[in-house]
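Fresh page in the notebook today. I wanted to look around the ligand first and then turn to a sheet.

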Amino acid sequence: MAPITSDILSKLKAAFPEIVILTPASPEYEKSMERYFRSAEHQAGAVIYPRNVDDVADILRFSTNHKIDLAVCGVGHNGKGNSIENGLVIDLRKMTSVSVNPIKKTITTQGAAMWSDIYAEAEKYDLAAVGGVTPSVGVGGFTINGGYSWLNGAHGMGCDNLFEAEVVLADGRVMICSEKENEDLFWAMKGAGSIFGIVTKFVLKAHEQKNLVWKGEMGFKRSQLRGVCDVINKTMGEENNGGKASVLMLSGVLPGTSEVGIILIPWYNGPEDEAKTFFAPLLEMEPIFDTTKMMPFSQSGVEGGGSIGREWRKVIVGGSLMAPLDATWLGTMFEDLENLINTLPDAATSVIGFEFHNPVATMKIGQTETAYPDRGTHGTMFLSPTWTKEENDAVCRKWCEKEDAKMIKEFRKRQGEKQVDNTTRTSSGRYPNYDYLGLSPKEVYGVNYERILSLKKKYDPGNVFKEYVDLFLG
Ligand SMILES: Cc1cc2nc3c(=O)[nH]c(=O)nc-3n(C[C@H](O)[C@H](O)[C@H](O)COP(=O)(O)OP(=O)(O)OC[C@H]3O[C@@H](n4cnc5c(N)ncnc54)[C@H](O)[C@@H]3O)c2cc1C
């Protein structure tokens, strides 16, 4: 595979006269290169905007025949895989349609719909979907690589709610995959999809959502961490079987202070009195602030916070955090974050984030039943330093690497304990979507690596889709 040359660019334009193609000379080019993470941005040789499955198939046939390096952009929220230096970006952002079938309870979308649009459409029929906690995330990168949602506790991972996918392979073949058709490709699309092809159509399960949900932000001091951990353990435990409650937690500088504290975002799928009973211990701890209230499901998302603009440099790496939480160990992570912020004020908006749900629904499916490798009795934890000055790149990245090593060491230790069930024991401890450090493919895909590799040889032997994870690196 090779970068795009001016000769190939001319051929590309001639082959697709009706499709928008941008080059570095186009006025819109610079904007088209922007991604949520600066670190994902590259100067592509050209960007092409397919409108439908036929366009995607023709473009892939062309690029494979001409051996062009390519990357696929969905909504562009990932820290990797959605752009490529000097190569061709196939940008799906003109493929955003969403339709709902209220009788079958399914949602059909093109490859780059945004969860906010899906939620809004589903809500018209009293339905919801297992989509991003952050509604500006794309259906593509989310669903085919796992998918953490408020609804995981009730309905499993995002990828578990995929009925059918229309996938275009590198050679332009269009494959429909589901539990009944091309089952092996379907297996791969549920957790390792970004490295197999371009999904031009998703058919997703929709779930009844007639009631409002209870959600908001609560602030706590670090000294209250133990009490907060008790509530999180309850959320991951038997008292929350059925998964009505979920919790997102951020450790970071509390608004209006210079202290690292706890921003807790409890979420409850039920009436207010029930929510307040479940989360009573939090209310009794007298949070510093509390914005919890009832709201429609579609409005209960959490956006990226204060460091969302392009002036911010960011890196994220994620791991897993075993239940029940160990408040003492967790406290040391908070201290490490405070040390970073104290020594580097430019990184004051950095956070460590956590997502917790009851794991019963995600563990109904075994570790090797889908390509998604991280099922178990644990929550997710992501280290997310953010800063502005290029000169601080190295120190922030190093902090991230150091804390990542600490996080995964703790997870492996807890994973090895006697009472741990087999699914949890075989969990990779890694969410593929939260690795922007470039972990090895074997580490990311864990027990499923070998099967993913053999399917990769079958469906993408030329390794055309390698920007998200280059599987052959092992
Ligand atoms: C602010 C923020 C909040 C987030 N919140 C959540 C969350 O609540 N839950 C969660 O699980 N994750 C979350 N994430 C992570 C997010 O799900 C992943 O980054 C995901 O990959 C984004 O998908 P995308 O389509 O938006 O991004 P992109 O960067 O466009 O795509 C990511 C990868 O998937 C590939 N891809 C995208 N669409 C397709 C397609 N149709 N066919 C084939 N390949 C495709 C791309 O090539 C790329 O390799 C969040 C990320 C951010 C930045």
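How do the residues of the shell around the ligand divide into nonpolar, polar and charged? I am working from a predicted model here. I found 17 nonpolar residues, 16 polar ones and no charged ones.

**Entry: the ligand's neighbours.** I looked up which of the 33 residues around the ligand come nearest, and they are V72, G74, N82, Y148 and Y431. Next I went through some polar contacts. The side chain of Y431 has a polar atom 2.6 Å from an oxygen atom of the ligand. For N78, a polar side-chain atom lies 2.8 Å from a ligand oxygen. G76 uses its backbone instead, with a polar atom 2.7 Å from an oxygen atom of the ligand. I then checked the burial: the ligand taken alone exposes 940 Å², and the protein buries 96% of that.

**Entry: which elements line the shell.** Strand 3 (70–73), helix 5 (139–143) and strand 10 (198–205) each give two or more residues to the shell. Helix 5 gives the most, with 3 residues.

**Entry: the sheet with strand 3.** I followed strand 3 into an open sheet of 4 strands, ordered 1-2-4-3 with mixed pairing. Strand 1 (20–22) and strand 3 are at the edges with a single partner strand each, so each has one side without a neighbour in the sheet. From one strand to the next, the twist averages 20°. Strand 1 pairs with strand 2 (residues 46–49) in the antiparallel sense over 3 bridges, and I noted L22 opposite V47 in strand 2. Lastly, I saw helix 3 (residues 53–65) packing on the sheet, where helix 3 touches strand 2, strand 3 and strand 4 (88–91). The direction of helix 3 makes about 170° with that of strand 4.

Terms used:
Residues are numbered from 1 along each chain as its sequence is written. This is a predicted model: local features need pLDDT of at least 70, side-chain atom pairs count only at pLDDT 80 or more; totals for chains, interfaces and linings use all residues. Side-chain values use heavy atoms; hydrogens and water are left out. A residue is near a molecule or strand if one of its heavy atoms lies within 4 Å of it. A polar contact is a pair of N or O atoms within 3.5 Å; within protein, one must be able to donate a hydrogen and the other to accept it, and residues adjacent in sequence count only if both atoms are side-chain atoms. Accessible areas come from the Shrake-Rupley method with a 1.4 Å probe; for residues, only the protein chains shown count as cover. Ala, Val, Leu, Ile, Met, Phe, Trp, Tyr, Cys and Pro count as nonpolar, Asp, Glu, Lys and Arg as charged, and the others, Gly among them, as polar. Two strands pair if DSSP finds at least two bridges between them. Axes are lines fitted to C-alpha atoms, for helices over the stretch in contact, and angles run from 0 to 180 degrees between N-to-C directions. Contact means heavy atoms within 4.5 Å.
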